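Dear colleague,

I am handing over the structure below, and I would be grateful if you could look through it alongside these notes. What I found in it follows underneath, arranged by helix and by residue.

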Amino acid sequence: EHMRIWTLFLAVCAVGIGGTFQYGYNVSIINAPTQHIHKFLNETWTSRYHKELNPDLLTFLWSVIASVFSLGGLCGALIGGSMAIRLGRKGALLMNNVIAILASILMGISFPTGLFELLIAGRFLIGINSGIGFCVQPLYIGEVAPKHLRGGLAMGTSIFLTGGILTGQIIGLRELLGGEKHWPLLLSSSCVPAFAQLLFLPWFPESPRYLLIDRGDELSCAKALKRFHGSSEYRREMEDIQRECFALDGEKPKKPWQLFTDRGVRWQLITVIVMTMGQQLSGINAIYFYATYVFEQAGILAEKIPYVTLGTGVCECLTALSCVRNSVGRRYLIIGGYLLMTLWCTVLTFSLTYQLYSWLPYLSMTCVFAFILSFGLGPGGITNTLTAELFVQSSRPAASMIAGTVSWISFFTIGMLFPFIVNGLKQYCFVVFLLECFFVAAFIFLIIPETKNKSFLEIKKEFHKLNFGRNARKKETDIEDRN
């Protein structure tokens, strides 16, 4: 039993280190060297064209370097699903590390060669790497985990994501690699997780579901299941996979556009789109953006702020870890998370508007931490788990691609629009996020059934009634008669 849990745990670690860890890490390391990259752009431009770089152009170049990452992520999400079908879940992840290593080399040599274009290309490639990892990792974890551990193991996605953000914040400190001399090293350090995954992941088997349903390889599937589930338990899981295989009746993996026309997955798809957009547009980015301002208001010295911001990273990481042993259902966690975020947005708007008392900035600080904890509790961790759970094998990679695409487009949009929202609405920007969090909570409350401890086929059956309304009963009896 212990051996089996260890194998699963180590497999999740091997997958996570080159998957969502890369995403979190590369989102957070770009913040530390902002000033140094500005200086590098100025110097390169002056030595190349013998004139000063226009401040507007500098801002534009910087925003390209920061946001080209999410465009790369979008491209990665679009090809991730096809890679997972063609190369297998494990093969796609291993192949993905080549992109990360190439990106690290380009970013590392941009400074000595004086070519800031290489920095843009490297950020784009590391974006592609994060997009693929973000798409394929939940597939692998969702497919190797036994039913009762699926929620806990799927939290690995969000633990590695928040762990990546925290590691990036720590390594980006001035004392480590955030200083002026070391920033090219900081940006190219993302090759370390890539090498770690290339070293550890080959020791673990491919996803058993992929082996049996997509490849028709029963022997390898049984072998993989024995490694993950133990020789006594694996038969039950094998039957589950065979049942799903039989229900799919040789159905080929679907393309993303086919899901939009398939009535049988209509509400699953709407749910995934609403949740993914909800996660990105919930105001979590606003909180991080506002954190510095809030901490300044509370009288924390400017040079101490990076260390307090570390607290926000630790906060997220701890919540993700505490969610692993969740005995509450997914539904309650995600609704609770969004409702708590609505509450903290309200309090924060008040405390930022009426700064009459000396203790109000501390209330704002508490709100920042509480908001991040609430985000980690539900939307941060459960969204990816549900994306893998709501679909059967033939639709899962396509659904993962759609979720990834929506996530990256939302991420890019909020990155572009966000400064304007904050400048226009100031502290009232949280009213926008407050409403958004409330609507997502209401949607989930009305639509999503509980998925904890249910097989993929049982979850599909739950949605069947939603997708087909009154005809559902009739269709179900027809199917049962056929079987």
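The axes of helix α17 (residues 330-353) and α19 come within 9 Å of each other and cross at roughly 145°, and the crossing in which α17 passes α19 is left-handed. Please keep in mind throughout that this is a predicted model. On the α17 side the residues that meet α19 are R330, L333, I334, G337, Y338 and M341, and their counterparts in α19 are P379, I382, T383, T385 and E389. Sorted by class, this contact of α17 with α19 has six nonpolar, three polar and two charged residues.

R330, which lies in helix α17, deserves a closer look. R330 counts as buried, because its relative accessibility is 3% and the cut-off for that class is under 20%. Once its neighbours within four places in sequence are left aside, R330 is in contact with I382, T385 and E389, and also with R150, G151, E450, T451 and K452. With one of these, T451, the separation along the chain is 121 residues, while the C-alpha atoms of R330 and T451 are 6.9 Å apart in space.

Helix α19 (residues 379-389) also meets helix α18 (residues 360-377), and here the two axes come within 4 Å and cross at roughly 15°. α18 is therefore roughly parallel to α19, since angles under 35 degrees are counted in that way. The residues that make this contact are S374, F375, G376 and L377 of α18, together with P379, G380, G381 and I382 of α19. By class, the contact of α18 with α19 divides into four nonpolar and four polar residues, with no charged ones.

Another pair to examine is helix α2 (residues 20-29) with helix α7 (residues 150-171), whose axes come within 7 Å and cross at roughly 30°. That angle makes α2 roughly parallel to α7, and the crossing of the two is right-handed. The contact is made by T20, F21, Y23, G24, Y25, S28 and I29 of α2, and on α7 by G156, T157, F160, L161, G163, G164, I165, T167, G168, Q169 and I171. Of the residues in the contact of α2 with α7, eight are nonpolar and 10 are polar, with no charged residue present.

I30 has its place in the loop between α2 and α3, and, at 6% relative accessibility, I30 counts as buried. Leaving aside the neighbours within four places in sequence, the residues in contact with I30 are I37, W62, I65, R123 and L187. By contrast with those contacts, R266 is 236 residues from I30 along the chain, and the two C-alpha atoms are separated by 38 Å.

Where does H50 sit, in backbone terms? H50 is found in the loop between α3 (34-49) and α4 (55-86), and its phi is near 55°, a positive value in a residue other than glycine. Most residues other than glycine have a negative phi, which is the reason for drawing your attention to this one. H50 is exposed, with a relative accessible area of 69%.

Two helices can be compared with their expected spans. Helix α5 (residues 88-113) has 26 residues and reaches 38 Å from its first C-alpha to its last, close to the 38 Å expected at 1.5 Å a residue, and the residue that follows α5 is G114, whose phi is positive, near 70°. Helix α6 (residues 116-144), with 29 residues, reaches 42 Å between its first and last C-alpha, close to the 42 Å expected at 1.5 Å a residue. α6 is also mostly covered, with 26 of its 29 residues buried.

Finally, there are two residues with greater accessibility to note. R236 lies in helix α12 (residues 218-248) and is exposed, with a relative accessible area of 59%. R236 and G164 are 72 residues apart in sequence, and their C-alpha atoms are 35 Å apart in space. E462, found in helix α22 (residues 456-468), is partly exposed, with a relative accessible area of 29%. Apart from its neighbours within four places in sequence, E462 is in contact with P449 and K454, and the C-alpha atoms of E462 and G336, which are 126 residues apart along the chain, are separated by 22 Å.

With kind regards

Methods:
Residues are numbered from 1 along each chain as its sequence is written. This is a predicted model: local features need pLDDT of at least 70, side-chain atom pairs count only at pLDDT 80 or more; totals for chains, interfaces and linings use all residues. Side-chain values use heavy atoms; hydrogens and water are left out. Axes are lines fitted to C-alpha atoms, for helices over the stretch in contact, and angles run from 0 to 180 degrees between N-to-C directions. Angles under 35 degrees count as roughly parallel, over 145 as roughly antiparallel, 65 to 115 as roughly perpendicular and the rest as oblique. A crossing is left-handed if the near helix is turned anticlockwise from the far one by less than a right angle, and right-handed if clockwise. Contact means heavy atoms within 4.5 Å. Ala, Val, Leu, Ile, Met, Phe, Trp, Tyr, Cys and Pro count as nonpolar, Asp, Glu, Lys and Arg as charged, and the others, Gly among them, as polar. Buried means under 20% relative accessible area, exposed over 50%, partly exposed in between (1.4 Å probe, protein chains only). The expected span of a helix is 1.5 Å times one less than its number of residues.
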